[in-house]
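Got a few minutes for some structure-reading practice? Have a look at the model below, then work through the exercises one at a time.

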Amino acid sequence: MSVIGASVARADGPAKVRGETIYAFDYDEPGSIRGALLRSPSAAGRIVRLDASKAKAMPGVRAVLSAADLPQTLGGWSMRDTSLFARDVVRYVGEPIAAVAADRLDQARAAVAAIELEIEETEALCDVQSAIAPDAPLIHPDWQSYEPAMGADFPRRGNIAAECIADPGGIEAEFERAHLVVEDEFVSQRQYQGFMEPKSALGIYRDGRYIAHTG
């Protein structure tokens, strides 16, 4: 218990300062192929056309994948509502639509640029108030069929993926006996930690085993 309140240096600090730490990005394998993603330029819309035939025929390209090539499996942290690639519709700018694997990164990126994509844009809901408005379009029309990843303890409806309701009792009494009550509305952007390590992954198949190095 003697370390409580003490300033303790991180064990991995010196190696990171000297640039000696090995991250997933530093791993490499001879003959590795490189990947690049085609991402949605639209915040909301229907995928009218997706033609990857030119990309598949380009030099160095090993594979081009989209939702049509994969089973319709959904994942997610609190709600299983997300497919690996957008299928039929896009719901945010940057949503992955297709992936290219090629011998070199420049070849993969060139193939991504050659994919013909047409999106019919629809109304985008860009803030919470717009999304929960009574006349708001459903971001996920099939929301009732989605499986809550954290169980069924959190009610959901429409564009609300999970609702936390707590009423332990006695709250109003505490407000009444408080010396001062300050009420206001505070709005902040989403907070996200800044990583020193770029997001990356390397997959290896050797001697009947899969090995993955990932940040």
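## Salt bridges first

There are 14 salt bridges in this structure, which is a predicted model.

**Exercise 1.** Find out which parts of the chain E120 and R46 link, and how far apart they are.

*Solution.* Start with the contact itself: the side chains of E120 and R46 form a salt bridge, at 2.8 Å from N to O. Next, place the two ends: E120 is in strand β7 and R46 in strand β2, so this pair joins distant parts of the chain, 74 residues apart. Now check the surroundings. Partly exposed residues lie between 20% and 50% relative accessible area. E120, at 39%, is partly exposed, and R46 counts as partly exposed at 40%.

**Exercise 2.** Decide whether R18 and E20 are exposed or partly exposed.

*Solution.* These two side chains meet in a salt bridge of 3.1 Å, N to O. The cut-off for exposed is over 50% relative accessible area. R18 has 56%, so call R18 exposed. E20 has 47%, so E20 goes down as partly exposed.

## On to the sheets

**Exercise 3.** Work out the strand order in the open sheet that holds β2, and say which strands stand at the edges.

*Solution.* Take the order first: the 3 strands run β5-β2-β7, with antiparallel pairing. Then look for strands with a single partner: these are β5 (89-90) and β7 (116-121), so each has one side without a neighbour in the sheet. Finally, zoom in on one pairing. β2 (residues 45-51) and β7 are joined antiparallel over 6 bridges, and R49 sits opposite E118 in β7. R49 also belongs to a salt-bridge network with D51, K54 and E116.

**Exercise 4.** Do the same for the open sheet that holds β6.

*Solution.* The order here is β1-β6-β3, again 3 strands paired antiparallel. β1 and β3 are the edge strands, each with a single partner, so one side of each lacks a neighbour in the sheet. From one strand to the next, the twist averages 20 degrees. Between β1 and β6 you'll find 6 bridges, and A36 stands opposite V100 in β6.

## Inside and outside

**Exercise 5.** Which element gives the largest share of the largest nonpolar core?

*Solution.* The core has 18 residues, and V100 is one of those that touch the most other members. Elements giving two or more residues are β1 (34-39), β3 (61-66), β6 (96-102) and α3 (105-114). The largest share, 4 residues, is from β6. For contrast, look at the surface: V3, I4 and V8 make a nonpolar patch there, with about 320 Å² of accessible area together.

Definitions and conventions: Residues numbered from 1 in each chain as written. Predicted model: local features only at pLDDT ≥ 70, side-chain atom pairs only at ≥ 80, totals over all residues. Heavy atoms only, no water. Patch = residues over 30% accessible without salt bridge, like charges linked within 9 Å, V, L, I, M, F, W, Y side chains within 5 Å. Areas by Shrake-Rupley, 256 points an atom, 1.4 Å probe, with all protein chains shown as cover. Salt bridge = Lys/Arg side-chain N within 4 Å of Asp/Glu carboxyl O. Core = buried A, V, L, I, M, F, W, Y, C linked by side-chain atoms within 4.5 Å. Buried < 20%, exposed > 50% of the residue type's maximum accessible area, 1.4 Å probe, protein only. Pairing = 2+ DSSP bridges. Axes fitted to C-alpha atoms, helices over the stretch in contact; angles between N-to-C directions.
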